[in-house]
Amino acid sequence: MKVEAVTIRELRMPLKYFFETSFGRTVSRRVLLVTAHCEGVDGWAECVAGDGPFFSYEWVETAWATLRDFLAPAMVGAILSAAKESAALMSRVRGHNMAKAALENALWDAEARQKQQPLWKLLGGTVREIACGVSIGIQDSHEQLFGKIETELNAGYQRIKVKVKPGWDLDVLSKIRQRWPKILLSCDANSAYRPSDLAHLRKFDDFDLLMIEQPLWDDDIYQHSRLQRELKTSICLDESIRQARAAEEAIELRACRIVNIKVGRVGGFSEAVAIHDLCQKHGIPVWCGGMLETGIGRAHNIALSTLPNFRLPGDVSASKRYWAEDIVEPEIEVTPRGTIPVRDVAGTGHEIRTELIQKLTVRAETIR
Ligand code: OSB
Ligand code: MG
């Protein structure tokens, strides 16, 4: 597979409804897409960098510049026998995992299309129907949040995750539990707390949560290990797990009992699979996180979620929760059982709507 050229492209897509985390509110997304042109086959992927450096230091502008000036030039002209060989060609660039993941995953997509194989099989997946949960942002009122939870439970989703921050936490969780005592419930703090909040965080133990995701600093493992010793509730790490090495440290220090795998955060499918395998070996369940992706990133998340240690429902939900019109066909849909069945078709099984993408594009550049 020869990489002849790489196209980077930015789209503007308004969200149907705002999404708020402890680090801020998103109302519209700048979507960065990468296309790898490989001898007549195009592979597509989505870069999950956000509109600002808030989830991590990466954002659309750093990803764009890093892809254009360093990653794409390192790849153009390369002859690969498999997409997994691409990570080594980008390793001279430190960090910038979301930018790297977009290019690597575009090559996996190209490989799957070229080999006429389902992407999930190429990744080593075995699960034929993946379990879905939803992530629900901070709202303007409790009533709004409860209305959203009701809607998603009625749609069949298997797990509800709510975003929390100081001032939007104990009261909210307590009311949710009063109304829905039995549901699978978790929360995500996106680094909103500090070790000095220990007494406050201990109160989360009252709500029978499946997990609390990333309570402390986005780059921390050690302080999470101290916190985990003090809590009944399982900690799940998201932001801190930037590569397999971080997962190894977290497991050894017992900083978490669950790991969230986001393919963008860890730099691509190869590293995501490595983290999956490591966690499986140590009996740590993983689940697939989301970054408000369009159907392109969503389809890749589905493929990854077919690996056997994805034992908990992921933040992999239907396109229509976020988008009026998605850029893949068919859109991502979820069954009333809260699952997505995986099909035996080549690639991701979701075709790229190139005409619509053209219309939404605000800039594009091809590196040859
Ligand atoms: O921490 O999981 C997170 C969205 C943006 C940034 C960070 C996170 C999230 C989500 C959304 O929780 C999950 C989704 O895409 O549905
Ligand atoms: Mg998270």
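This short talk walks through the two sheets, the helix packing, the metal site and a few backbone details of one structure. Please keep in mind throughout that what we are looking at is a predicted model.

Let me begin with the antiparallel sheet. Four strands make up this open sheet, arranged in the order S3-S2-S1-S15 with antiparallel pairing, and its edges are formed by strand S3, residues 41-47, and strand S15, residues 361-367, each of which pairs on one side only. From one strand to the next, the twist averages 25°. If we look at a single pair within this sheet, strand S2, which covers residues 24-38, is joined to S3 in the antiparallel sense over seven bridges, and there Thr-35 stands opposite Trp-44 in S3. Two helices pack on this sheet: helix H11, residues 295-304, touches S2 and S3 and has a direction that makes about 95° with that of S3, while helix H3, residues 97-115, lies across strand S1 (5-21), S2 and S3, running at about 150° to S3.

Staying for a moment in this region, the loop between S2 and S3 holds Glu-39, a residue that has a positive phi of about 45° although it is not a glycine.

Helix H3 also has a helical partner. Helix H1, residues 60-75, packs with H3 at an angle of about 45°, with the two axes 9 Å apart, and H1 is therefore oblique to H3. The crossing of H1 past H3 is right-handed. On the H1 side the contact involves Ala-63, Thr-66, Leu-67, Leu-71, Ala-72 and Met-75, which meet Ala-99, Lys-100, Leu-103 and Leu-107 in H3; by class, these residues divide into eight nonpolar, one polar and one charged.

I turn now to the parallel sheet. Seven strands, in the order S5-S6-S7-S8-S9-S10-S11, form an open sheet with parallel pairing. Strand S5 (134-136) and strand S11 (286-288) stand at its edges with a single partner strand each, so one side of each is left without a neighbour in the sheet. Between strand S8, residues 212-213, and S9, which run parallel, there are two bridges, and Ile-212 stands opposite Ile-235 in S9.

Which residues coordinate the magnesium ion, ligand 2? They are Asp-188 and Asp-238, each through OD, and Glu-213 through OE, at 2.1 to 2.2 Å. Along the chain, these donors follow the spacing D-x24-E-x24-D. Asp-188 lies in strand S7 (residues 185-188), whereas Asp-238 lies in the loop between strand S9 (235-237) and H9, so to speak distant parts of the chain, 50 residues apart.

That loop leads us to helix H9, residues 244-252, whose axis comes within 9 Å of the axis of helix H10, residues 269-281, and crosses it at roughly 20°; the two helices are therefore roughly parallel to each other. Their contact is made by Ala-244, Ala-247, Glu-248 and Ile-251 of H9 together with Glu-271, Ala-274, Ile-275, Leu-278 and Cys-279 of H10, and by class it has seven nonpolar, no polar and two charged residues. As for handedness, H9 passes H10 in a right-handed crossing.

I will finish with one more backbone detail. The peptide bond that joins Glu-329 and Pro-330 is cis, with omega at about -10°, and Pro-330 is found in the loop between strand S12 (328-329) and strand S13 (339-341).

Methods
Residues are numbered from 1 along each chain as its sequence is written. Chains are lettered from A and ligands numbered from 1 in the order in which they are written. This is a predicted model: local features need pLDDT of at least 70, side-chain atom pairs count only at pLDDT 80 or more; totals for chains, interfaces and linings use all residues. Side-chain values use heavy atoms; hydrogens and water are left out. Axes are lines fitted to C-alpha atoms, for helices over the stretch in contact, and angles run from 0 to 180 degrees between N-to-C directions. Angles under 35 degrees count as roughly parallel, over 145 as roughly antiparallel, 65 to 115 as roughly perpendicular and the rest as oblique. A crossing is left-handed if the near helix is turned anticlockwise from the far one by less than a right angle, and right-handed if clockwise. Contact means heavy atoms within 4.5 Å. Ala, Val, Leu, Ile, Met, Phe, Trp, Tyr, Cys and Pro count as nonpolar, Asp, Glu, Lys and Arg as charged, and the others, Gly among them, as polar. Two strands pair if DSSP finds at least two bridges between them. Donors are N, O and S atoms within 2.8 Å of the metal (3.2 Å for Na, K and Ca); water is not among the atoms, so sites may look incomplete.
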